[in-house]
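Open the model in your viewer and keep the sequence panel at hand. Each stop below names what to select and then says what is there.

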Amino acid sequence: MTGGGVRAVVRKLRGKNIEIKSNGELDAMRAAGAVVARTLTLLERTARPGVSTAELNEVAEQSIREARAVPSFLGYHGFPGSICASVNHEVVHGIPSREQVLADGDLLSIDCGAILDGWHGDAAVTIEVGAVGASDRKLSAACRSALLSGIEVARLGARLTDISHTVENAIMEAGRADGVEYGIVADYGGHGIGTSMHMDPYLPNVGRPGRGPKLVAGMALAIEPMLTAGSHLTEELDDGWTVVTLDRSRAAHWEHTIAVTPDGPVVLTA
Ligand code: MG
Ligand code: MG
């Protein structure tokens with residue numbers, strides 16, 4: 001899931017309450033992250049035309065419970081699903097539904113979180129259902145590559161918004177290469193993670209570098225760019241959850257939980 005609203009940025013960037021993990025605790029987080037990664041891989045194989053997002057939710061629920069973990073999204077502020085399933089113009093926080101049956105060419109973003117032994121993992125993928133259009137493939141690839149670029153700078157001595165700035169730059173660069181001006185969703189972002197899903201600091205996907213807390217060993221962050229093929233503006237539907245693009249352009253969302261270590265960034269949800 002995504003971290004807070006944009007109004008919380010200033011307060012959270014001060015980052016006074018950042019949880020620092022021991023190596024043993026990072027190992028425990030990696031185990032939680034592996035449950036998320038396995039579940040997402042299973043969903044990538046299951047998602048195809050004719051399958052409803054409610055069915056994907058059941059597959060995820062079973063996969064997480066079989067690993068003796070708990071789906072962290074279920075009941076989170078009342079969220080009714082174990083995953084978020086956001087189709088096409090839905091950006092994030094889509095509620096799995098029997099009515100939402102996947103069709104050839106859909107772009108499906110699945111966000112998944114699990115708690116194992118008290119530690120959280122959180123990751124998201126955008127899945128191409130059947131044969132998607134070239135512009136959708138590029139949109140998703142741009143989002144994924146921005147995530148990987150952001151992870152790469154999560155190193156000792158860097159500051160938090162170096163990640164934000166790198167993610168933003170990677171998106172702009174991909175947009176230039178693709179001949180598209182991608183919208184970067186700025187009302188939602190990444191977050192610290194560990195004994196809770198959403199912890200300090202809030203991690204914006206845009207901004208100037210060199211600000212926010214210094215990255216130190218034992219920090220864990222969920223990095224999660226959200227891109228649109230049009231306007232960066234979003235709205236929340238009447239269900240109180242589903243975030244859609246204002247112009248109904250398509251969106252992509254990729255996320256990993258990572259740890260900052262002396263050996264560089266480690267992806268915990270790989
Ligand atoms: Mg998240
Ligand atoms: Mg997430």
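## Stop 1: Two loops with unusual backbone angles

Select Asp 117, which lies in the loop between strand E4 (107-116) and E5. This is a predicted model. Asp 117 is exposed, because its relative accessible area is 67% and exposed means over 50%. Now check the backbone. Asp 117 is not a glycine, yet it has a positive phi of about 50°. Most residues other than glycine have a negative phi.

Go next to Arg 68, in the loop between helix H3 (53-66) and E1. Phi of Arg 68 is near 60°, again a positive value in a residue other than glycine. Is Arg 68 buried or exposed? Arg 68 counts as exposed, at 70% relative accessibility.

## Stop 2: A cis peptide bond

Select Asp 200 and Pro 201. The peptide bond from Asp 200 to Pro 201 is cis, with omega near 0°. Most peptide bonds are trans. Pro 201 has its place in strand E8, residues 199-203.

## Stop 3: A buried lysine

Select Lys 21. Where is it? Lys 21 sits in the loop between helix H1 (9-13) and H2. The relative accessible area of Lys 21 is 6%, so it is buried; the cut-off for buried is under 20%.

Show the side chain of Lys 21 and look for its polar partners. One is the side chain of Glu 19, in a polar contact at 3.1 Å. Another is the backbone oxygen of Ile 193, which lies 2.7 Å from a polar atom of the Lys 21 side chain.

Now widen the selection. Leaving aside neighbours within four places in sequence, Lys 21 is in contact with Leu 26, Met 29, Trp 119, Ile 193, Gly 194, Gly 218 and Ala 220.

## Stop 4: Along helix H2

Select Glu 44, found in helix H2, residues 23-46. Glu 44 is partly exposed, with a relative accessible area of 35%. Which residues does Glu 44 contact, leaving aside its neighbours within four places in sequence? They are Val 125 and Ile 127.

Add Ile 110 and draw a distance between C-alpha atoms. Glu 44 and Ile 110 are 66 residues apart along the chain, and their C-alpha atoms are separated by 9.0 Å.

## Stop 5: The second largest pocket

Stay with H2 and turn to the second largest pocket. This pocket holds about 160 Å³ of space. Its lining has 14 residues, and the closest to its centre are Leu 40, Val 125, Trp 254, His 256 and Thr 269. Select those five residues to find the spot.

Which elements give two or more residues to the lining? They are H2, strand E5 (119-128) and helix H4 (134-152). H2 gives the largest share, four residues. By class, the lining has eight nonpolar, three polar and three charged residues.

## Stop 6: A serine in helix H4

Select Ser 140 in helix H4. Ser 140 counts as buried, at 3% relative accessibility. Its contacts, leaving aside neighbours within four places in sequence, are Thr 126, Ala 252 and Trp 254. You have met Trp 254 already, among the residues closest to the centre of the second largest pocket.

## Stop 7: A fully covered isoleucine

Select Ile 223 in strand E9, residues 220-223. Ile 223 is buried, with a relative accessible area of 0%. Show what is around this residue. Not counting residues up to four places away in sequence, Ile 223 touches Leu 147, Gly 150, Ile 151, Ile 163, Val 167, Leu 203, Trp 254, Glu 255, His 256 and Ile 258.

Then pick Ala 174. The C-alpha atoms of Ile 223 and Ala 174 are separated by 18 Å, with their positions 49 residues apart along the chain.

## Stop 8: The aromatic pair

How many aromatic pairs does the structure hold? It holds one. Select Phe 79 and Trp 241. Their ring centres are 4.9 Å apart and their planes are at 80°, so the pair is edge-to-face; the cut-off for that class is over 60 degrees.

The pair links distant parts of the chain, 162 residues apart. Phe 79 is in the loop between strand E1 (70-71) and strand E2 (83-87). Trp 241 is in the loop between strand E11 (234-236) and strand E12 (243-245). Both Phe 79 and Trp 241 are buried.

Definitions and conventions:
Residues are numbered from 1 along each chain as its sequence is written. Chains are lettered from A and ligands numbered from 1 in the order in which they are written. Side-chain values use heavy atoms; hydrogens and water are left out. Buried means under 20% relative accessible area, exposed over 50%, partly exposed in between (1.4 Å probe, protein chains only). Contact means heavy atoms within 4.5 Å. A polar contact is a pair of N or O atoms within 3.5 Å; within protein, one must be able to donate a hydrogen and the other to accept it, and residues adjacent in sequence count only if both atoms are side-chain atoms. On a 1 Å grid over the protein atoms alone, a cavity is a set of points where a 1.4 Å probe fits but cannot get out, and a pocket is an open set with protein on both sides within 12 Å along at least five of seven lines; lining residues have an atom within 4 Å of a point. Grid points are joined across faces, edges and corners, and a volume is the space filled by probe spheres set on the points. Ala, Val, Leu, Ile, Met, Phe, Trp, Tyr, Cys and Pro count as nonpolar, Asp, Glu, Lys and Arg as charged, and the others, Gly among them, as polar. Rings of Phe, Tyr and Trp (its six-membered ring) pair if their centres lie within 6.5 Å; planes under 30 degrees apart count as stacked, over 60 as edge-to-face and the rest as tilted.
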